[in-house]
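User: I have a structure open and want to go through its fold step by step. Please keep the answers short.

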Amino acid sequence: TEALNELQEYVNNYFDDLDVQEEIDNKLDEMAESGELAEIVEKFLKNDLKFYFPKFWANRYSGDCNLIKYKNMNILIDCYGPDAWTDVKAFLDFYSVAHIDYFILTHYHADHVGNFENLVNSGYIDTNTIIYLPAPVQFWDNEPTYYTNFCETNNLNYHVPNENEILQIDDLLKLT
């Protein structure tokens with residue numbers, strides 16, 4: 001992703017003052033529409049890194065639930081509210097997720113953490129999952145304590161990262 005961003009910045013800066021920018025934009029739009037651009041990006045990423053965003057969220061739910069599939073790992077960021085459990089489960093099943101290797105909660109709002117217990121109770125998250133909980137924020141009362149206690153009660157491997165801490169998945173992938 002970083003390399004693609006650098007390439008995009010280079011291309012944008014290089015062609016800013018040239019008359020061909022509109023032609024390039026049109027060609028990129030054409031390639032995106034035909035799927036050719038996606039094929040190039042997928043080859044670049046060697047099929048090792050894919051991002052999935054549920055389509056149902058915009059229509060029915062606030063919050064978030066995003067899946068990153070990397071090599072043989074599944075990384076889930078947030079998990080919507082409890083009213084979305086059926087759709088979250090369908091989303092994970094559709095992308096053949098039987099186990100979540102890394103689970104990252106961004107903050108303690110119910111529409112981001114609401115299915116944590118469901119994920120544990122259904123076996124998606126277990127003692128082999130690495131869980132990242134957000135740091136406590138004063139106005140969220142007892143929620144951080146509830147989730148750390150829940151992890152401890154269920155013998156779950158959790159960590160509360162420091163600000164700007166980098167999650168190093170392997171030599172090539174890191175999340176900030």
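**Strands, loops and a pocket**

Analyst: L76 stands opposite F103 in β4. This comes from a predicted model.

User: How many bridges join β3 to β4, and do the two run parallel or antiparallel?

Analyst: L76 opposite F103 is one pairing between these strands. Strands of a sheet pair through backbone hydrogen bonds, in either a parallel or an antiparallel sense. For β3 and β4, the sense is parallel, and the number of bridges is three.

User: F103 also has a bridge partner in β5. Which residue is it?

Analyst: Strand β4 covers residues 102-104, and strand β5 covers residues 130-132. They run parallel, joined by three bridges. The partner of F103 in β5 is I131.

User: What is the strand order of the open sheet, and which strands are its edges?

Analyst: The open sheet has six strands with mixed pairing, in the order β1-β2-β3-β4-β5-β6. An edge strand pairs on one side only. The edges are β1 (49-52) and β6 (157-159).

User: By what angle are neighbouring strands of this sheet turned against each other on average?

Analyst: The value ignores direction. It is an average over neighbouring strands of this sheet. The angle is 15°.

User: Which residue of β2 is the bridge partner of K50?

Analyst: β1 and β2 pair in the antiparallel sense. Four bridges hold that pairing. The partner of K50 in β2 is K69.

User: Is β2 largely enclosed or open, and how many of its residues are buried?

Analyst: Strand β2 spans residues 66-70, five residues in total. Buried means under 20% relative accessible area. β2 is largely enclosed by the rest of the structure, because the number of buried residues is four of the five.

User: What pairs with N66 in β3, and which residue does Y70 stand opposite?

Analyst: β2 and strand β3 (residues 73-77) pair in the antiparallel sense over five bridges. The bridge partner of N66 is I77. Y70 stands opposite M73.

User: Which residues of β3 are buried on each face?

Analyst: β3 is mostly covered, with five of its five residues buried. Both of its faces are covered. One side has M73, I75 and I77; the other has N74 and L76.

User: Which residue in the hairpin of β2 and β3 takes a positive phi, and is that residue buried, partly exposed or exposed?

Analyst: The hairpin has two residues between its strands. K71 is found in that loop, and its phi is near 50°. Most residues other than glycine have a negative phi. K71 has 45% relative accessibility, so this residue counts as partly exposed.

User: Y80 has a positive phi too. What is its relative accessibility?

Analyst: Phi of Y80 is near 55°. Y80 lies in the loop between β3 and α5 (85-94). Y80 counts as buried, because its relative accessibility is 0%.

User: Is H112 buried or exposed, and what is its relative accessible area?

Analyst: H112 is found in helix α6 (residues 110-113). Beyond its neighbours within four places in sequence, H112 is in contact with G63, D64, D78, C79, Y80, L105, T106 and H107. H112 is buried, with a relative accessible area of 9%.

User: What distance separates the C-alpha atoms of H159 and L133?

Analyst: H159 sits in strand β6 and is partly exposed, at 31% relative accessible area. H159 touches I131, Y132, L133 and E165, not counting residues up to four places away in sequence. H159 and L133 are 26 residues apart along the chain. Their C-alpha atoms are separated by 6.1 Å.

User: Which lining residues lie nearest the centre of the second largest pocket?

Analyst: The second largest pocket holds about 410 Å³ of space. Its lining divides into eleven nonpolar, four polar and two charged residues. Of the 17 lining residues, those nearest the centre are I104, P161, N162, E165 and T176.

User: What share of the protein's residues counts as buried?

Analyst: The protein has eight helices and eight strands. Among its contacts with a separation of 6 or more, residues 24 or more positions apart account for 66%. Of the 176 residues, the share that counts as buried is 35%.

Notes: Residues are numbered from 1 along each chain as its sequence is written. This is a predicted model: local features need pLDDT of at least 70, side-chain atom pairs count only at pLDDT 80 or more; totals for chains, interfaces and linings use all residues. Side-chain values use heavy atoms; hydrogens and water are left out. Two strands pair if DSSP finds at least two bridges between them. Axes are lines fitted to C-alpha atoms, for helices over the stretch in contact, and angles run from 0 to 180 degrees between N-to-C directions. Buried means under 20% relative accessible area, exposed over 50%, partly exposed in between (1.4 Å probe, protein chains only). Contact means heavy atoms within 4.5 Å. On a 1 Å grid over the protein atoms alone, a cavity is a set of points where a 1.4 Å probe fits but cannot get out, and a pocket is an open set with protein on both sides within 12 Å along at least five of seven lines; lining residues have an atom within 4 Å of a point. Grid points are joined across faces, edges and corners, and a volume is the space filled by probe spheres set on the points. Ala, Val, Leu, Ile, Met, Phe, Trp, Tyr, Cys and Pro count as nonpolar, Asp, Glu, Lys and Arg as charged, and the others, Gly among them, as polar.
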